[in-house]
Every structure is written in C-alpha cells, then in structure tokens.
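Biologist: Please take one part of this model and go through it closely. I would like a connected account, with the surroundings included.

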Amino acid sequence: MSNWAQRFWDRLRPTAPSRSSSEQLHQGRWRCVNCDREHSWPFDLAANAPDPWPHATDYEANGALRMDGDFLSEDFCVLNGEHFFVRAVMTIPVHGMADDFGFGCWSTLSRQNFEKYVDAFDSPRPSQEELWSGWLCNRMADFVEDDPLGVWVQLRPGRQRPLLWAMDNDHPLALAQENGISADQLMTIFRHYGHGPEV
Ligand SMILES: [Zn+2]
C-alpha cells in the first residue's frame with residue numbers, strides 16, 4: 001500500500017463518538033456539524049464545477065454552449081476552447097446500506113466524444129456498451145491526490161448522468177467502488193466536506 005493510502009486508512013480510525021457514525025447513518029439521519037440541521041440518507045455530494053474551473057460557478061443554460069473560450073452549465077464545461085468536461089456520478093456501495101453513495105463530479109472527454117454526448121443529450125438515449133475514457137477532475141476526499149485519475153465514462157439511458165469507474169484496479173477508489181466502504185468511512189468523507197455528524 002502506498003504511503004498516502006496508508007495515511008488515508010490511518011485517518012479513518014474511529015474517534016469514539018457518543019453515538020457512532022455508522023449508527024447515525026444506519027438510522028438514516030445525522031445532525032450536521034456545519035449546516036445546523038439534520039441530513040438524511042441517501043445523501044450525495046456534488047462538485048459544482050471541475051476543480052480547474054477558474055471562475056465563479058455561475059451556470060449558463062446548456063443550450064448556450066460555446067465550444068470556444070470558457071463555458072460552464074450544470075452538465076457541460078469547456079475550458080479555453082480545448083478542454084471538455086461533463087458532469088457525471090461516481091458511485092460507491094456502502095456496507096449494510098441499500099443505496100450507493102453518489103459523488104457528483106466531472107470528467108474530461110475528448111472533443112469528439114463530448115460533441116457526441118452534447119448532440120444526444122436531449123434525445124432519449126439507449127444505454128451504451130462502449131465505455132469512453134476520461135480524467136476525473138475533482139478530488140474525492142482523500143481518495144484522490146494530485147495525480148490525475150483515469151476513469152471509464154459509462155453513458156446511461158435517458159437523462160441520467162454518466163457513471164465513472166476508476167480505471168486503475170489497484171487504486172483505493174477502484175477498490176472502494178468494487179468492494180464498498182463502511183459507514184464509518186463514508187462519514188469520514190462527509191466530514192471531509194464539512195457535513196459530518198456532531199460528535
Ligand atoms: Zn451539512
């Protein structure tokens with residue numbers, strides 16, 4: 001295991017809360033340390049834009065898409081007229097829970113695949129067997145450090161956002177997608193983004 005993966009797991013040691021994180025998750029509600037209200041499961045996290053996006057996240061309409069310069073909508077992003085991104089979802093099963101955890105995040109696509117995706121966006125899509133390749137463009141808690149992570153982009157029927165799968169089978173994120181994570185590990189992710197339970 002690489003050093004940073006070891007650090008990641010070390011950080012997941014339980015901190016002896018009064019009501020354990022996993023208990024709170026299994027009960028489906030927890031009092032957020034940050035938002036002054038309860039969150040309930042399933043609770044997904046989403047990144048508003050690819051991490052390299054240098055501007056405020058003011059969304060334009062999808063229909064206003066421009067292929068030159070910079071553009072951001074809820075589903076599409078273009079940087080510098082040369083980098084193309086789509087909003088997708090990365091799912092991770094959680095032990096003992098029926099629902100997967102969903103992380104809304106962004107992947108690059110080649111210009112060619114991006115154009116195909118945009119062209120078919122408003123039509124009812126059949127599911128597609130072929131996987132596209134891209135780079136994950138958001139850090140996911142401590143799973144992803146500065147090294148870019150290659151992902152498979154799996155289109156889904158209808159208006160569902162594409163699924164992302166970590167390409168490198170040995171990467172901690174690929175292992176998490178394959179084997180699932182514990183409720184405590186999930187709460188550590190929520191805590192990373194400021195939405196963990198009070199302890
Ligand atoms: Zn919160």
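Modeller: Two residues are in contact here if their C-beta atoms, placed from the backbone, lie within 7 Å of each other. The model is a predicted one. I will start with one loop residue and then move to the core and helix 5.

With residues up to four places away in sequence left out, Asp-70 touches His-55, Val-78, Leu-79 and Asn-80. Asp-70 itself sits in the loop between strand 3 and strand 4 (71–72). It has 14 other C-beta atoms within 10 Å, and therefore counts as partly exposed. Trp-53 is 17 residues away from Asp-70 in sequence, and their C-alpha atoms are 8.8 Å apart.

One of those contacts, Asn-80, belongs to the loop between strand 5 and strand 6. Asn-80 is exposed because 10 other C-beta atoms lie within 10 Å, and the cut-off for exposed is 12 or fewer. Its phi is near 65°, a positive value in a residue other than glycine. Asp-36, in the loop between strand 1 (29–31) and strand 2, also has a positive phi without being glycine, near 55°. Asp-36 has 7 other C-beta atoms within 10 Å and so is exposed. Another backbone feature is the cis peptide bond between Trp-41 and Pro-42, with omega of about 0°. Pro-42 lies in the loop between strand 2 (38–40) and strand 3 (45–46).

Now the interior. The largest nonpolar core has 39 residues, and those that touch the most other members are Cys-77, Val-86, Cys-105, Trp-106, Leu-164 and Leu-186. Two or more residues each come from strand 5 (76–79), strand 6 (83–92), strand 7 (101–109), strands 8, 9 and 10, helix 4 (172–179) and helix 5. Strand 6 is the main contributor, giving six residues.

Strand 9 (residues 149–154) has an alternating pattern: Leu-149, Val-151 and Val-153 face one way and are buried, whereas Gly-150, Trp-152 and Gln-154 face the other way and are not. Strand 9 has paired strands to consider as well. Strand 8 (residues 132–136) runs antiparallel to strand 9 and is joined to it by five bridges, with Val-151 as the bridge partner of Gly-134. Strand 10 (residues 163–166) is also antiparallel to strand 9, over four bridges. In that pairing, Val-153 stands opposite Leu-164, which is among the core residues listed above as touching the most other members.

Leu-186, another of those core residues, leads to helix 5. Helix 5 (residues 183–192) is mostly covered, with seven of its ten residues buried: Ala-183, Gln-185, Leu-186, Met-187, Thr-188, Ile-189 and Phe-190. Leaving out residues up to four places away in sequence, Leu-186 touches Leu-25, Val-94, Phe-101 and Ile-181. Just after the helix, Gly-194 has a positive phi of about 85°.

Helix 2 comes in through Gln-24, which lies within its residues 21–26. Gln-24 and Met-187 are 163 residues apart along the chain, yet their C-alpha atoms are separated by 9.3 Å. Gln-24 has 22 C-beta neighbours inside 10 Å, and so counts as buried, the cut-off being 20 or more.

Key: Residues numbered from 1 in each chain as written. Predicted model: local features only at pLDDT ≥ 70, side-chain atom pairs only at ≥ 80, totals over all residues. Pairing = 2+ DSSP bridges. Core = buried A, V, L, I, M, F, W, Y, C linked by C-beta atoms within 7 Å.
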